[in-house]
Structure formats: C-alpha cells, structure tokens
Amino acid sequence: MMGSLPFDVERLALLGWRLHPSSRASRAACFKGAAMAATYDLDRLAHWAREFPRCNWRVVMEGSGIWALDVDAPGPDHAADGIAALAALVARHGPLPARPMTRSGGGGLALFFRHGCERIMGRTGTPAPGIDPRRGALTVTVPPSIHHRTRQPYRWIVPPWEVAPPPAP
C-alpha cells in the first residue's frame, strides 16, 4: 500500500534506530533538518511515509546506538574499491564479528557496529580508500530503499533483528 510504513523501517525503529525519509532521486533528505528530526517514533515515521510515498530511508547513527562502515564498490559512483580494501584488512587483522550488513543497489556494503559512547576516529577513506566510517549525525541508506542511480534495491545481507550490532573489533 502506497504511503504505509515499510516493514523493515518499523523493525529498525523498534530496535531504537533513528530514521528519516530521503529522496529516491538523490541522497538528499526529503526536508530540511531531517537528520536532526530523525526518530524511532512509529507514528512520526508513518506520517512521513504518507507524506513522502515511495521515499528512501536513512538511519542516523547518533542516538541509534550504532555506527557503520560504508564500503564502496568501484564503479561510476566511486573510484576506490572499498570491498577489496576491506578484504585486505580482514586478511591482515582477522575476521570481523557477525554483524548487521546491507548491500546497496550500487553494490557497496554497510556494516553496522554497536556504539557504546567510545570515540570513533576517522574520515572518508579511513582506514582505507573506499571505506568511510559513519558516526554521529552521519547517515546510511537502509532497505527497502532504491539506489538513486542504478534503481536497484538495497538489501539486508544480515538484518539487525537477526544479529545485534557487535562492538567493533
């Protein structure tokens, strides 16, 4: 039903993840101040779903108890191969713990970890090109969103209602 709250968004909200609607034509929010207004309140999220039918959804790290690694796939949107860089880091330092993870419609990944108020350092391209930490007021697009360029869906590889975000290794 158009304008109804997507099931995945409801499940994320029930986990305490703060969400807001965003455009399917770009990564822009549907309204000014959306990241600050992000919420897990089901009534507010349902209101936005009716106001912005077919919108994408983004989770704000701050206040959700999580942070993420945004891992880029090489291609028209990204020059660096974050997936290969992550594989090299895992080969050098050992496997990552089981964690929630998405695949974007553009082929990239988002890996979610628990944020227990520890300081998270980093900037775009750190710890390697194509791997970007997302923390604080930064956001990550989540399913059931559609990639703005490829029109392919975002999908859960491991949803957070099956595996809780672990502390970062």
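Biologist: Which residues of the largest nonpolar core touch the most other members?
Modeller: Keep in mind that this is a predicted model. The largest nonpolar core holds 21 residues. At least two of these core residues come from each of α1 (7-14), α3, β2, β3 (66-71), β5 (109-114) and β7. The members that touch the most others are Leu19, Leu45, Trp57, Val59, Phe112 and Val142.

Biologist: Let's pick valine 142. Which residues is it in contact with, leaving aside its neighbours within four places in sequence?
Modeller: Valine 142 belongs to the group of core residues with the most contacts to other members. Once its neighbours within four places in sequence are set aside, valine 142 is in contact with Leu12, Leu19, Trp57, Val59, Phe112, Tyr154 and Trp156.

Biologist: How many residues make up the other core?
Modeller: This other core lies apart from the core around Leu19 and Val142. Ala85, Met101, Leu109 and Leu111 are among its members. The count for this core is twelve residues.

Biologist: Now for the strands. Why do β1 and β7 each have one side without a neighbour in the sheet?
Modeller: The open sheet has three strands in the order β1-β2-β7, paired antiparallel. Both β1 (18-22) and β7 (139-142) stand at the edges, so one side of each is left without a neighbour, and the reason is a single partner strand for each.

Biologist: Which residue in β2 is the bridge partner of leucine 19?
Modeller: β1 pairs with β2 (residues 56-60) in the antiparallel sense, over five bridges. Leucine 19 has its bridge partner in β2, and that partner is valine 59.

Biologist: At what angle to β1 does helix α3 run?
Modeller: Helix α3 covers residues 42-51 and lies across β1 and β2. Its direction relative to β1 is about 10 degrees.

Biologist: Let's turn to charges. Which residues are joined into one network by salt bridges that share partners?
Modeller: Aspartate 70 forms a salt bridge with arginine 134, with the closest N and O atoms 3.4 Å apart. Aspartate 70 is in strand β3 and arginine 134 in strand β6 (residues 131-134), so this pair ties together parts 64 residues apart in sequence. Arginine 134 also meets aspartate 132 in a salt bridge, at 3.9 Å from N to O. The network therefore consists of Asp70, Asp132 and Arg134.

Biologist: Is arginine 134 buried or exposed?
Modeller: A residue counts as buried when its relative accessible area is under 20%. Arginine 134 has 18% relative accessibility, so the verdict is buried.

Biologist: Which residue in β6 is the bridge partner of alanine 68?
Modeller: β3 and β6 run antiparallel and are joined by four bridges. Both faces of β6 are covered, with Ile131 and Pro133 buried on one side and Asp132 and Arg134 buried on the other. The partner of alanine 68 in β6 is arginine 134.

Biologist: Last topic, the rings! What is the angle between the planes of tryptophan 17 and phenylalanine 112?
Modeller: Tryptophan 17 sits in the loop between α1 and β1, while phenylalanine 112 is in strand β5, 95 residues apart. Tryptophan 17 is buried, at 3% relative accessible area, and phenylalanine 112 is buried too, at 0%. Their ring centres are 5.0 Å apart, and the pair is tilted, with an angle between the planes of 45 degrees.

Biologist: And which residues do ring pairs link into a cluster?
Modeller: The whole structure has seven aromatic pairs. Ring pairs build a cluster that includes tryptophan 17 and phenylalanine 112. The linked residues are Trp17, Phe112, Trp156 and Trp161.

Notes
Residues numbered from 1 in each chain as written. Predicted model: local features only at pLDDT ≥ 70, side-chain atom pairs only at ≥ 80, totals over all residues. Heavy atoms only, no water. Pairing = 2+ DSSP bridges. Helix = DSSP H or I, 4+ residues; strand = E, 2+ residues; numbered from the N terminus. Contact = heavy atoms within 4.5 Å. Axes fitted to C-alpha atoms, helices over the stretch in contact; angles between N-to-C directions. Core = buried A, V, L, I, M, F, W, Y, C linked by side-chain atoms within 4.5 Å. Buried < 20%, exposed > 50% of the residue type's maximum accessible area, 1.4 Å probe, protein only. Salt bridge = Lys/Arg side-chain N within 4 Å of Asp/Glu carboxyl O. Phe/Tyr/Trp six-rings, centres within 6.5 Å; stacked < 30°, edge-to-face > 60°.
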